[in-house]
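Visitor: Please pick one part of this model and take me through it closely, then work outward to what surrounds it. I do computational chemistry, so keep the cut-offs explicit but the tone relaxed.

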Amino acid sequence: MGFPSLNYSEVPKLFVHCLSFLDYIKNLLISLINFLSISDFLRPSEFHLHESPSIHLNQPPIAAILIREFLPVVKFSDLIADAAGGDLPENCAVCLHDFEGGDEEIRCLKNCKHIFHRNCLDRWMDHHQITCPLCRTSFVPSDLEDEFNQRLCDWDASEESI
């Protein structure tokens with residue numbers, strides 16, 4: 001017994017070529033959509049469907065916007081001065097590049113005290129991440145969690161009324 005063996009020479013080559021061509025077209029369209037922003041082609045007056053948050057491809061999630069308000073941006077030179085011989089990391093754990101310039105913008109997490117390039121951490125948050133990339137501690141400082149949750153609920157309520 002066993003499974004009947006398939007003879008692949010029986011599969012029409014034209015069918016296989018058509019499938020591969022369709023897959024190529026699909027990948028080409030996906031790349032084109034990712035390259036060009038949909039909002040560049042659609043003016044609000046021409047767009048009659050209800051807008052959802054997923055339509056705005058370049059807009060960060062509301063949680064990321066709120067977290068950015070809670071996390072300070074400091075200069076790396078200020079951190080060096082404040083540390084006064086303390087133990088500062090040499091590189092950003094997200095991009096693995098060294099903290100070089102004294103005027104680089106750094107985000108310092110209040111709960112776990114880890115530091116990252118501002119752009120690296122902002123991109124991390126844009127992917128719906130709300131915890132430290134190193135230790136998974138919440139971005140929102142412990143003493144501000146209630147305020148953060150209230151502002152997030154207020155935003156959700158205002159979106160539902162639209």
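Guide: What follows is a close look at helix H3, then at its surroundings.

Some ground rules: this is a predicted model, where local features need pLDDT of at least 70 and side-chain atom pairs count only at pLDDT 80 or more, while totals for chains, interfaces and linings use all residues. Residues are numbered from 1 along each chain as its sequence is written, and side-chain values use heavy atoms, with hydrogens and water left out.

For orientation, the chain holds six helices and three strands, arranged along the sequence as α-α-α-β-α-β-β-α-α. These elements are DSSP runs numbered from the N terminus: helices are H or I with at least four residues, strands are E with at least two.

Now to H3 itself, residues 62-70. Seven of its nine residues are buried, so the helix is largely enclosed by the rest of the structure. "Buried" here is under 20% relative accessible area, "exposed" is over 50%, and "partly exposed" sits in between, with a 1.4 Å probe and protein chains only. For contrast, buried residues make up 19% of the 162 residues in the chain. The buried ones in H3 are Ile62, Ala63, Ala64, Leu66, Ile67, Arg68 and Phe70; note that an arginine, Arg68, is on that list. Isoleucine 65, also in H3, counts as partly exposed because its relative accessibility is 29%.

What does H3 pack against? One partner is H5 (residues 118-126): the two axes come within 9 Å and cross at roughly 150°. Axes are lines fitted to C-alpha atoms, for helices over the stretch in contact, and angles run from 0 to 180 degrees between N-to-C directions. On the H3 side the meeting residues are Ala64, Ile67 and Arg68, and on the H5 side Asp122, Met125 and Asp126, where contact means heavy atoms within 4.5 Å. That set splits into three nonpolar, no polar and three charged residues. For those labels, Ala, Val, Leu, Ile, Met, Phe, Trp, Tyr, Cys and Pro are nonpolar, Asp, Glu, Lys and Arg are charged, and the others, Gly among them, are polar. Isoleucine 65 and aspartate 122 are 57 residues apart along the chain, with their C-alpha atoms separated by 9.1 Å.

H3 also feeds the largest nonpolar core, which has 24 residues. A core here is a set of buried Ala, Val, Leu, Ile, Met, Phe, Trp, Tyr and Cys residues joined through side-chain atoms within 4.5 Å. Ile67, Leu109, Ile115, Leu121, Phe139 and Phe148 have the most contacts inside it. H3, H4 (76-83), S2, S3 and H5 each give two or more residues, and H3 gives the most, with six. As general background, nonpolar side chains in soluble globular proteins tend to be buried together.

Leucine 121 is worth a zoom: beyond its neighbours within four places in sequence, it is in contact with Leu71, Arg107, Leu109, Phe116, Pro133 and Phe139. For the chain overall, 51% of contacts between residues at least 6 apart in sequence join residues at least 24 apart.

Two of those core contributors, S2 and S3, belong to an open three-strand sheet with the order S1-S2-S3 and antiparallel pairing; pairing takes at least two DSSP bridges. Its edge strands, pairing on one side only, are S1 (73-75) and S3 (115-117), and the twist averages 45° from one strand to the next. S1 meets S2 (residues 105-108) over three bridges, with valine 74 opposite isoleucine 106 and lysine 75 opposite glutamate 105. S2 and S3 are likewise joined by three bridges, and cysteine 108 has isoleucine 115 as its partner. They form a hairpin with six residues between them, and lysine 113 in the turn has a positive phi of about 70°.

After H5 comes a loop to H6 (145-160), and histidine 128 lies in it. Histidine 128 has a positive phi of about 60° despite not being a glycine, and it is exposed because its relative accessibility is 63%. Arginine 136, in that H5–H6 loop too, has a positive phi near 65°.
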